[in-house]
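Hi,

Here is the model I promised to pass on. Have a look at it first, then read my notes underneath.

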Amino acid sequence: LSISSVTFNILLDQILYTQGGNGRIPYTYAGKIWYADLNGHLKGLDKDIKIAQQKGWMVSAILLIPVNRSGEKSTWLGKVAHPETEMSAAFSMPNLLSKEGAEAYAATINFLAERYSTEQYGRIHHWIIHNEIQNGFYWSNAGRKLIETYMNLYQKSMRTVHILARQYDPNTKTLISLDHDWNRTGDPRGYKGKDILDLLVKFSKTECNFEWGIAFHPYPQDINNPRTWEDQDATYSYETLYLTPKNLEVLDSWASQEKVLYNGRAREIQFTEQGLNSPDYNTKTLEEQAAGMAYTWEKIAGMKNVTAYQYHLWADAYEEGGLKLGLRKYYDADGDPLGKKPIWYFYQAYETPEWEKVRDHYKKTLGITDWSEIRYKGLIK
């Protein structure tokens with residue numbers, strides 16, 4: 001598919017340990033000895049990130065802290081998982097309330113930034129801090145918090161990674177992870193994406209600005225429906241409820257506002273997780289999924305601040321709760337296991353001599369005669 005950028009999930013509790021053991025090597029940070037497990041999660045990361053380097057891919061790592069379900073306090077996770085994390089969550093925010101927790105978190109970030117900054121193991125170029133934090137009650141939990149308290153904790157996590165990683169790579173960025181909820185909450189326990197970003201801008205100006213970027217997940221308004229060009233609540237305003245492929249221009253404009261800039265430059269945007277569903281494998285449905293991808297690519301082509309787009313996901317997977325987002329069918333699809341959908345061929349053609357021919361096939365499905373019709377040219381305010 002000629003891809004050029006990838007993301008990797010890193011489970012931070014599987015990097016450094018408080019006790020030695022088979023396959024673990026000592027690592028000293030801030031006067032304390034930790035033990036890196038070379039046979040576990042790191043072994044897989046070493047292999048994959050080295051492959052990425054050999055292929056010339058840009059790598060963005062997603063930093064995830066599991067919930068400390070055992071309650072054990074002496075482990076790395078016992079020190080780093082936020083003490084008020086609810087057991088209903090998938091992941092935790094870091095515990096930056098104590099010196100011990102902050103140092104354990106910093107030790108792991110320093111280890112990773114140092115290891116993946118050379119030719120030996122490959123390179124991580126950017127760091128995505130946790131996941132979809134509007135819905136932090138599930139993806140990056142710290143208990144029930146006012147949005148100001150929550151964002152104070154989150155921006156400290158971002159700054160910790162930024163400061164440590166820039167020791168080894170002066171061009172690396174930390175990226176805030178957000179889903180498609182913009183001026184709405186998908187759950188009473190969540191926050192609005194616009195409010196989250198506005199607070200990050202305020203914290204940056206109050207406590208010294210730094211070069212963060214945005215890792216956004218612009219799924220369609222209805223994740224089940226690939227006809228994202230019909231998203232009714234995705235409008236061309238900073239007050240839009242959703243940010244989807246239909247109104248990506250809003251995010252590009254937001255990142256370019258004077259109040260948001262870093263040293264006169266707009267905030268970098270990476271689209272690091274998004275896909276289009278094919279509710280079934282009927283010809284019409286698969287055509288609409290591919291048309292949604294054509295629509296999305298043409299939107300991105302007109303954006304100034306986007307550096308990467310990673311499709312989710314390569315093949316349909318049962319763990320997606322019935323969604324069929326893949327470029328390929330299920331591994332056991334009847335009569336066509338891992339069969340390539342029309343969207344696969346579209347993705348393959350992008351930026352090749354076949355591109356315009358493949359792309360233009362979908363004008364009819366989208367109801368357009370020229371691609372300029374889908375791009376918003378008015379003022380966003």
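Below are my notes on one helix, some salt bridges and a surface patch.

Some housekeeping first. This is a predicted model, so local features need pLDDT of at least 70 and side-chain atom pairs count only at pLDDT 80 or more, while totals for chains, interfaces and linings use all residues. Residues are numbered from 1 along each chain as its sequence is written, and side-chain values use heavy atoms, with hydrogens and water left out.

**Helix α1**

Helices here are DSSP runs of H or I with at least four residues, strands are runs of E with at least two, and both are numbered from the N terminus. Helix α1 covers residues 41–55, and its end C-alpha atoms are 21 Å apart, which agrees with the 21 Å expected for 15 residues at 1.5 Å a residue (the expected span being 1.5 Å times one less than the number of residues).

Which residues of α1 are buried? They are H41, L42, L45, D46, I49 and A52, where buried means under 20% relative accessible area, exposed over 50% and partly exposed in between (1.4 Å probe, protein chains only). Seen down the axis, these buried residues fall within an arc of 135 degrees, so they line one face of the helix; the arc is taken from the directions from the helix axis to the C-beta atoms. On the other side of α1, K43, K47, Q54 and K55 are exposed. The cover over the buried residues includes β1, β4, β5, α3 and β8, with contact meaning heavy atoms within 4.5 Å. Just after α1, G56 has a positive phi of about 75 degrees.

**Salt bridges**

A search of the whole structure finds 26 salt bridges, each a side-chain nitrogen of Lys or Arg within 4 Å of a carboxyl oxygen of Asp or Glu. One of them pairs R123 with D169 (3.6 Å, N to O). That pair links distant parts of the chain, with R123 in strand β8 and D169 in the loop between α5 and β10, 46 residues apart. R123 is partly exposed at 25% relative accessible area, whereas D169 is buried at 11%.

R265 and E211 also meet in a salt bridge (3.1 Å, N to O), and they sit 54 residues apart. R265 is partly exposed at 42%, and E211 counts as buried at 13%.

**Surface**

Y318 lies in the loop between β13 and α9 and is partly exposed, at 45% relative accessible area.

Cheers
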